[in-house]
Amino acid sequence: MDSSTDLRLPFFPIGQGCMGIGGQIQVQKVDEQEQIHAIRFGIEKGLSLLDTAEVYAGGYSELIIGKAIHGIRDKVFLATKFSPENSGYKEVIAAAEGSLRRLGTDYIDLYQAHWPNPSIPISETMSALAELVSTGKVKNIGLSNFSKREMIAAQQILPSIKLYSNQLEYNLFDRFVEHEILPHCKLTNSLLIAYSPLDRGRNGSSHPSNELLNELSKKYERTNSQISLNWLVSRGNVVPIPKATNSKHIEENASSLDFQISFEDLELINKAFDSNPQLIPTNEINVSATGEGDRKVYQSRSEAIENNLNLSPSPLELAEFIRSGELAKPVRLVMRKDDAKGLKYDLVEGRLRYWAWVLAFNGEKPVPAYVRYT
Ligand code: NAP
């Protein structure tokens, strides 16, 4: 492995996230032509890295992308992911064949393990990925939502194939990756692909320091989103993949690197948007049936233990991971207006992690959380 691999990218350093194309996790009724048009418009503007996954809209996202890139395959860098339940050798190969078919292509530029699966040895997953690379069906291997320790373990198994990237949430509100993962990416010269770079469209507006973003956007005559994307890229080794279907948003994202934020202003942003999560007692948190995205959730400890939804990793497996001392990504909470029954927060994201945390420490240890105020 050559750890000094040149980081010059084969694409513009901002991509297009495609969760939401065809639906989020479940298929939704969408105007397919409009979505195809949005993707092609983004490619024309230079946003040529497309990120999708077999799970997005049950494969429909990949199908729509396949239609959008028809005739222009050589102009895009196609990144997709296989789901954790497909991490066994045969399953990885079959998942790749499914993605290739839906995308209408004979190679994937970046094939990513969407989430770690602790019940399948990483060596099995990696040997299937090596097989896909050797047949030319996959050009590069990446990870997503892997910890630093898991990145190291995966790389040690395949020393001859350099891990290209790890994809994690990274935005002004959630800077968890800065603790271990981004420094590790820099050390190994791999990319951190930043998902939800605009905090799912909220873009700092739920953070007490949002006023600074407003001031800087006036100063540089750019939008808050452009300041955020510019800041993310300035962190080094980071490729943000905002999802945008609105043509004004696409244009903005594509032109968010054509100005330079001064060193002093970047430092102001770094200081104002604190990266340390808060520690919140689990008994102050209300687990609501509805949260962000359209994922199914557990609402009680016993449901989490039974894992009838077959979530992978299961809450118990994730609890083991957390107990082993690994840093777990903080959950997301929103302050409740009414704190009846002592419940001060609603849990809106990270419900699997929340239950894993409760199981790991019997509910006695406060959970790391990012708290939104609106
Ligand atoms: P995001 O990109 O932070 O936010 C998307 C939202 O921001 C959309 O509502 C979009 O609106 C809006 N937006 C885009 N550009 C804008 C701009 N310039 N100004 C104002 N609003 C703007 O969140 P995300 O969709 O969660 O994340 C992006 C991608 O990351 C996903 O599509 C997916 O590919 C990836 N992802 C990966 C994982 C993983 O586990 N690996 C998890 C989540 C997401 P319009 O659509 O109306 O333009």
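**Close-up 1. The shell around the ligand in this predicted model.** Here 28 residues surround the ligand, and the closest are Ser 196, Leu 198, Lys 243, Thr 245 and His 249. Sorted by character, the residues of this shell divide into ten nonpolar, twelve polar and six charged. If you are looking for the element that gives the most to the shell, go to helix α9, residues 247–254, which supplies three residues.

**Close-up 2. Polar atoms of the protein beside the ligand, with Pro 197, Asn 246 and Asn 253 in view.** Two of the pairs shown here involve the protein backbone and a ligand oxygen. In one, a backbone N or O atom of Pro 197 lies 3.4 Å from an oxygen atom of the ligand. In the other, a polar backbone atom of Asn 246 is 3.1 Å from a ligand oxygen. Asn 253 takes part through its side chain: one of its polar atoms lies 2.8 Å from a nitrogen atom of the ligand. On its own the ligand has 910 Å² of accessible area, and the protein covers 86% of that.

**Close-up 3. Ser 209, in the loop between β7 and α7.** Follow the chain from β7 (191–195) towards α7 (210–220), and you will meet Ser 209 in the loop between them. Is Ser 209 buried or exposed? Its relative accessibility is 17%, so Ser 209 counts as buried, the cut-off being under 20%. Leaving out residues up to four places away in sequence, Ser 209 touches Ala 272 and Phe 273. With Ala 272 there is also a polar pair to look at: a polar atom of the Ser 209 side chain lies 2.8 Å from the backbone oxygen of Ala 272.

Key
Residues numbered from 1 in each chain as written. Predicted model: local features only at pLDDT ≥ 70, side-chain atom pairs only at ≥ 80, totals over all residues. Heavy atoms only, no water. Helix = DSSP H or I, 4+ residues; strand = E, 2+ residues; numbered from the N terminus. Buried < 20%, exposed > 50% of the residue type's maximum accessible area, 1.4 Å probe, protein only. Polar contact = N/O pair within 3.5 Å; in protein donor to acceptor, adjacent residues only side chain to side chain. Contact = heavy atoms within 4.5 Å. Near = heavy atom within 4 Å. Areas by Shrake-Rupley, 256 points an atom, 1.4 Å probe, with all protein chains shown as cover. Nonpolar A, V, L, I, M, F, W, Y, C, P; charged D, E, K, R; others polar.
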